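Please open the structure in your viewer and keep the selection panel at hand. The tour goes from one helix to the ligand.

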Amino acid sequence: MKAKKILLGLAAGAVALTLAACSGGRGGGDEAAEGENKGALVGIAMPTQQSERWIADGENVKKSLEKLGYKTDLQYANDDIPTQVSQIENMISKGAKALVIASIDGTTLTDVLETAKAQDIPVIAYDRLINGSPNVDYYTTFDNYQVGVQQATSLLTGMGVLTEDGKDNPDAKKEYNVELFAGSPDDNNAKFFWDGAIDTLQPYMDKGVIKVPSKQTEFEQAAILRWLPETAQKRMENLLQLDGDTKLDGVLSPYDGLSIGIISALTSGGYEKNALPTITGQDAEVGSVKSIIAGEQYSSIYKDTRALGDQAVKMVDAVLNGKEPEVNNTKDYDNGEKVVPSYLLDSVIVTKDNYQKILVDSGYYSEDDLK
Ligand code: BGC
């Protein structure tokens, strides 16, 4: 009886090994046998608790992993790179069998990921690509270029350059004054958001319909290191000085936190709260959705972090079981060492007109959250 069980076990192990070998997946190599990693510890490294979205991301991933029977170690690094590196080192020394990492600076994890690789620990890059390391197995995120397209499209609609159905508005003004902001230059996503937005705005800039009064149209000029609201506020204050009497029609902002800083600068710079330029955002964070409802911020981009968390968990569960996770993009996310197989999710533009349907009816927020 016992011998039979061992034989069966060996056979199952061989099948799992063959699967792992075929898929090229790293599921703990020899340990990829089904069930072997049941109850394993999974490390979840998140960048910061300063933004609601990352708190929700961390909690979603933790909850879903635990539902599947995994143990978790969830850490937030307070946007400090050495802290994140040492948190990941700790996860490895505590025996984590897989790592889910939303990096702060996508280029600073090369050494710690070497350690992970040496112990055959698979790594899933979460939302932000980890650059410069061959030891990133899979990546899940939203279609970041498309997020930028959506931000710019909503800016154009909000200002009245486009009609609600995306057509050129026959009643549009001749010229719109817009200032541009970009995200953190060390976050791989920031350039994708920017490219999507600028590709959408460029034709209007070329025609002279959109003017950037400060002339600061380069990513490097617009970028806000670490996505800090106070840095965005300072830059907006400086832009207002530069722009003098020019009244702004719009501000492209790539993240709700930056939009809050931008709005503060605008209101202290003389704009009335009910006559602000069209301001975009991202993440549909509670404070910013309230601001949208109040008619201050114009739009945000809703990214369902529950779906992203589920995707990351599916990836972990697959690799830890010697299976190949589902991906839907194998060309766009080159991290300088390899093209990382990715699963991209869709995002949605949120405005005052559809927040109820998109955010409340879907259960992402309750009515009370937004009061
Ligand atoms: C995320 C965005 C977020 C930004 C700031 C990016 O990497 O994709 O959703 O707004 O970081 O936290």
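This is a predicted model, and a good place to begin is the side of helix α2 that faces away from its buried side, where selecting Lys63 and Lys67 shows two exposed residues.

Now select the whole of α2, residues 52–67, whose 16 residues reach 22 Å from the first C-alpha to the last, close to the 22 Å expected at 1.5 Å a residue. Within α2, colour Arg53, Trp54, Asp57, Gly58, Asn60, Val61, Ser64 and Leu65, which are buried. Turn the view until you look down the axis of α2: the buried residues fall within an arc of 165 degrees, so they line one face of the helix. An α-helix has 3.6 residues a turn, so residues three or four places apart point the same way.

What covers that buried face? Add β1 (41–46), β2 (71–76), β4 (123–126) and α11 (305–319), which are among the elements covering the buried residues of α2. Following α2, select Gly69, whose phi is positive, near 95 degrees.

Next, select the ligand and the residues that surround it, including Arg53 and Trp54 together with Asp127, Asn189, Phe193, Trp227, Tyr255 and Lys303; Arg53 and Trp54 are also among the buried residues of α2. Oxygen atoms of the ligand lie 2.7 Å from an N or O atom in the side chain of Arg53, 2.7 Å from one in the side chain of Arg128, and 2.5 Å from one in the side chain of Asp187. With the surface switched on, note that the protein covers 98% of the 310 Å² of accessible area that the ligand has on its own.

Note on methods:
Residues numbered from 1 in each chain as written. Predicted model: local features only at pLDDT ≥ 70, side-chain atom pairs only at ≥ 80, totals over all residues. Heavy atoms only, no water. Helix = DSSP H or I, 4+ residues; strand = E, 2+ residues; numbered from the N terminus. Expected span 1.5 Å × (residues − 1). Buried < 20%, exposed > 50% of the residue type's maximum accessible area, 1.4 Å probe, protein only. Arc of directions from axis to C-beta. Contact = heavy atoms within 4.5 Å. Near = heavy atom within 4 Å. Polar contact = N/O pair within 3.5 Å; in protein donor to acceptor, adjacent residues only side chain to side chain. Areas by Shrake-Rupley, 256 points an atom, 1.4 Å probe, with all protein chains shown as cover.
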